[in-house]
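Work through the following exercises on charged side-chain pairs, keeping the sequence and the coordinates at hand, and compare each result with the worked solution beneath the task.

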Amino acid sequence: MSKQNRHHHVETQAVHMGNQVDPATGAVVPPIVLSTTFERQGDGSFPHGYIYTRSQNPNRQALEESLAALEGGARAMAFGSGQAATNAIFQSLKAGDHVIVPNEAYFGTPKLVREVYSHLGINASYVDMTNLAAVQAAVTPHTKVIWIETPSNPLLSITDIAAVSEFAHRAGALAVIDNTWASPLMQQPLALGADIVMHATTKYISGHTDALGGALIFARDDEFTARVNMVQTLGGAVPSPFDCWLIMRGIRTLPLRVRQQTSNAQRVAEFLADHSAVETVFYPGLASHPGHALAAQQMRGGFGGMLSFNVRGGADEAMAVAANLQLFTRATSLGGIESLIEHRASIEGPTSTTPQNLLRVSIGIEHVDDLINDLRHGLRAIH
Ligand SMILES: *Cc1c(COP(=O)(O)O)cnc(C)c1O
């Protein structure tokens, strides 16, 4: 039997949700069920509820239950990547529908809409989501989805989740939020009025840089949710049982990891803000950040483990600083236990609008003094 319930605190849910002693063997850690198919009884029924692993699998079901609990949703669906989860939202719309997408967000989101869905007859507006008047002005009678990402990639801009969700509802649209950077620990968008939360579980939720995954968590199990479920099953972009198992293992330590990353990031941001070779630090935990007050109101327990900063100079100076670091690994992605640094403009390519002197940092769980010493050393490359 499962030891958890929905009234438990997040730390307890993270450990116990979807994680029960295996009734067949007594195993404390759930087995990985690799079988792609499940036996049918003589009368044609499926007494365990599983038919074929694309439709559902015990490891995926456990992960989905855990994710629904962490975000306080009615239902969750797991996908093979964050992009597959995002895809499932837009695949559930129809030609002629209109969507509002942030003009500053994870690069793949507006690119997916522009390169794929615009060709399929979905109209999109790309808007500065920190400007509520601009969001409201972009709403049309055909608007079906307003996409939110806060804190955003790469400038950590803060969008008012409650206000934008209200615009969406007044227009009969859905507010969908990419909550990857905050993680369910730091931000609970469904409680603020959003309809659907999206995660790249590749990042904080799995937390160990060894599993690709995505998820959608729904406030309600309604008609649109059923449509997305159809897309999940028919589209087939589902995670493997092993990936589900790895992501579940990550969830058990999510609160511990994210708290450490957040307190480290706050200290690193304060260090960088005081450094003469740094032009600007983008971190909502700094009082100087334009979204600080709003972030303090809608996030909880801190401001997350991601930050960006502009060095004095251009692309060459930014690359030189990253090259001079020893502890930080130069790599894309984020949310893992190890600290990573990335020159974002060069990975986004020629259409990127990210400043050339910007470095994006994902803070890990190392000792913060070691991280700060490494950055101090790295910045000597241009100082
Ligand atoms: C990584 C990321 C994605 C995409 O997730 P994948 O698992 O790489 O497909 C989407 N949104 C944000 C904010 C991300 O950081």
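**Exercise 1.** Determine how exposed arginine 259 is, and then establish which parts of the chain its salt bridge with glutamate 11 ties together.

*Solution.* In this predicted model, arginine 259 has a relative accessible area of 40%, and because partly exposed covers the range between under 20% and over 50%, arginine 259 is classed as partly exposed. Its partner, glutamate 11, is likewise partly exposed, at 32%. The side chains of these two residues meet in a salt bridge with an N to O distance of 2.5 Å. Since glutamate 11 belongs to helix α1 (residues 10-16) and arginine 259 to helix α10 (residues 254-273), the pair ties together parts that lie 248 residues apart in sequence.

**Exercise 2.** Describe the placement and the exposure of the salt bridge between arginine 170 and glutamate 166.

*Solution.* The side chains of arginine 170 and glutamate 166 meet at 3.0 Å, N to O. Both residues sit in helix α6 (residues 161-170), where, being four residues apart, they are separated by about one helical turn. Arginine 170 counts as exposed at 57% relative accessibility, whereas glutamate 166, at 45%, counts as partly exposed.

**Exercise 3.** Are arginine 344 and glutamate 342 buried or exposed, and which network do they join?

*Solution.* The closest N and O atoms of the salt bridge between arginine 344 and glutamate 342 are 2.9 Å apart, and both residues are buried. Through salt bridges that share partners, Glu342, Arg344, Glu348 and Arg360 are joined into one network. A search of the whole structure finds twelve salt bridges.

Definitions and conventions. Residues are numbered from 1 along each chain as its sequence is written. This is a predicted model: local features need pLDDT of at least 70, side-chain atom pairs count only at pLDDT 80 or more; totals for chains, interfaces and linings use all residues. Side-chain values use heavy atoms; hydrogens and water are left out. A salt bridge is a side-chain nitrogen of Lys or Arg within 4 Å of a carboxyl oxygen of Asp or Glu. Helices (H or I, at least four residues) and strands (E, at least two) are DSSP runs, numbered from the N terminus. Buried means under 20% relative accessible area, exposed over 50%, partly exposed in between (1.4 Å probe, protein chains only).
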